[in-house]
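Subject: Structure handover, with notes on pockets, a cavity and a few residues

Dear colleague,

I am passing on the structure we spoke about, and I would be grateful if you could keep it open while you read the notes below it.

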Amino acid sequence: MTIYEKRRAAVARSLKAAGGGIAVLPTAPELARNRDSDFAYRHDSYFYYLTGFSEPGAWLVIDASGKSTLFCRAKDLEREIWDGIRLGPKAAPDALGVDAAFSADTLDEKMPLLLQNQNAVWYPFATHAGLETQVDGWLGKVRARIRFGAECPQSQHDLCKVLDEMRLLKDAHEVAILRRAGKISAGAHVRAMQASAAMLRKPVAGGLREYHLEAELLHEFRRNGSQWPAYTSIVAAGANACVLHYRAGNAELKSGDLCLIDAGCELDGYASDITRTFPANGKFTPAQRTLYDIVLAAQDAAVKVTKPGKRFMDPHDAATRVLAQGMLDTGLLDKKKHGKLDDVLESGAYRQFYMHRTGHWMGMDVHDCGDYTEPGSKPREEKDALGQTVMRKPSRILRSGMVTTIEPGIYVRPGKGVPKEFWNIGIRIEDDALVTAKGCELMTRGVPVDADEIEALMRG
């Protein structure tokens with residue numbers, strides 16, 4: 001628990017540096033799925049980051065002096081028969097390293113007492129429905145005691161700004177979990193590739209379906225200790241790969257189709273995120289291989305500039321240059337119409353086939369928290385996705401300990417002037433990159449990425 005105590009102490013120091021105050025943080029609520037059934041419970045990432053505690057109904061309070069108070073569910077022997085053992089307030093200080101713990105039933109009674117005589121209150125803005133109203137109710141009770149000498153906090157601040165900066169830089173404990181999550185997810189992708197080729201070599205009744213490969217992923221995640229998928233798995237057959245947020249359905253995978261799988265597990269509260277695109281039968285067609293090699297070259301270019309001192313958008317810019325040149329070379333973009341590479345980049349014509357960014361922060365959440373612009377920098381004029389001039393801050397400077405994905409792609413929908421041999425081909429290649437002192441470590445390369453290596457794996 002020392003890890004979580006150190007993180008809470010860091011929050012307290014941030015509050016003190018900002019002039020003092022008290023921080024209030026709830027975990028996620030339980031959510032009903034239908035009638036008597038709830039969705040599988042998943043804690044709030046900010047709350048877990050500071051406590052390592054995954055029971056619902058809990059709250060954490062930290063003041064600038066460093067004192068931490070937990071509110072959690074009271075022991076209830078009858079409910080524990082049905083739902084499992086609860087930690088309870090009595091055991092919480094020793095188990096979690098907090099200074100004090102109370103039943104969550106006493107929250108509305110005790111919070112006004114904790115808030116009074118504090119000059120500021122910190123809580124996560126716009127993350128928990130009704131939290132602002134709840135805080136206002138507590139402050140109203142404090143204000144009612146002013147005539148008795150109580151002082152009410154004079155300002156409210158977003159706790160996410162403090163926690164986002166902390167979570168953006170991963171410590172050794174987090175990196176170890178992320179590496180393990182990446183290894184499990186890579187193994188799941190390998191299993192899906194092999195299952196695809198095997199099921200097409202020996203056809204099954206009803207054909208090979210997207211859900212068959214999703215089942216292989218889920219089995220591999222769980223049997224290796226992962227608690228959940230980090231997000232709903234994308235398993236896209238053929239033209240479905242051109243839908244960026246497609247979900248695994250019942251479409252049939254046929255010999256000659258490409259399959260795009262974007263899937264990763266969540267392990268001990270941390271995500272992984274891998275995308276691989278492979279031929280369902282284990283052999284790329286010439287057109288598929290041409291576009292695949294362009295995307296892989298784009299990823300290689302992005303990897304080379306993912307290192308300390310570079311900016312977050314540098315990998316995207318490097319990948320986009322390779323993709324755009326590939327579009328010109330293959331005729332996806334007509335040189336007579338769109339001009340040379342710099343013309344394509346300036347006009348944004350490449351967005352017809354590549355419309356998303358090359359990466360995002362990753363950690364406890366698959367799209368993790370943290371600003372994408374450099375704190376303290378001044379806005380400057382830039383062109384947005386529509387070619388309009390906007391004022392925008394420079395992107396974040398990469399530092400050792402940050403984790404980002406690197407995921408270029410090409411998505412070719414049928415269209416006038418688009419070579420027919422490339423129609424309905426969707427390709428994305430994604431790995432999780434830990435920024436290190438000299439460059440980056442790709443934590444998900446346990447699954448092949450080179451086209452020849454993918455074919456060799458699937459032949460086996």
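What follows is a short account of the open and enclosed spaces, and then of three residues.

Please bear in mind that this is a predicted model, in which local features need pLDDT of at least 70 and side-chain atom pairs count only at pLDDT 80 or more, whereas totals for chains, interfaces and linings use all residues. Residues are numbered from 1 along each chain as its sequence is written, and side-chain values use heavy atoms, with hydrogens and water left out.

To begin with the open spaces, a pocket is taken here, on a 1 Å grid over the protein atoms alone, as an open set of points with protein on both sides within 12 Å along at least five of seven lines, while a cavity is a set of points where a 1.4 Å probe fits but cannot get out, and lining residues have an atom within 4 Å of a point. Grid points are joined across faces, edges and corners, and a volume is the space filled by probe spheres set on the points.

The largest pocket has a volume of about 910 Å³, and of the 30 residues that line it, Met 313, Asp 317, Glu 382, Lys 383 and Arg 392 lie nearest its centre. Helices (H or I, at least four residues) and strands (E, at least two) are DSSP runs numbered from the N terminus; on that basis α11, α13 (341–347) and β17 (380–383) each supply at least two residues of this lining, and α11 gives the most, with five. If Ala, Val, Leu, Ile, Met, Phe, Trp, Tyr, Cys and Pro count as nonpolar, Asp, Glu, Lys and Arg as charged, and the others, Gly among them, as polar, the lining of the largest pocket has nine nonpolar, eight polar and 13 charged residues.

The second largest pocket, at about 360 Å³, is lined by 16 residues, of which His 245, Asp 262, His 360, His 367 and Glu 407 lie nearest its centre; by class, its lining has four nonpolar, five polar and seven charged residues.

As for enclosed space, the count comes to one cavity of 30 Å³ or more, and about 70 Å³ of space lies in the largest cavity. The elements that give two or more residues to its lining are α11 (314–330) and β19 (403–406), with the largest share, three residues, coming from β19. The lining of the largest cavity has four nonpolar and six polar residues but no charged ones, and includes Phe 312, His 316 and Thr 405.

Turning to single residues, Arg 167 lies in helix α7 (residues 159–168) and is buried (under 20% relative accessible area, where exposed means over 50% and partly exposed lies in between, with a 1.4 Å probe and protein chains only), its own value being 1%. The side chain of Arg 167 makes a polar contact with the side chain of Asp 365 at 3.2 Å, a polar contact being a pair of N or O atoms within 3.5 Å of which, within protein, one must be able to donate a hydrogen and the other to accept it, and residues adjacent in sequence count only if both atoms are side-chain atoms.

Most residues other than glycine have a negative phi. Arg 35, in the loop between β2 (32–34) and β3 (37–38), has a positive phi of about 45 degrees and is exposed, with a relative accessible area of 80%. Ala 126, in the loop between β7 (120–123) and α6 (131–143), has a positive phi of about 55 degrees and is exposed at 73%.

With best wishes
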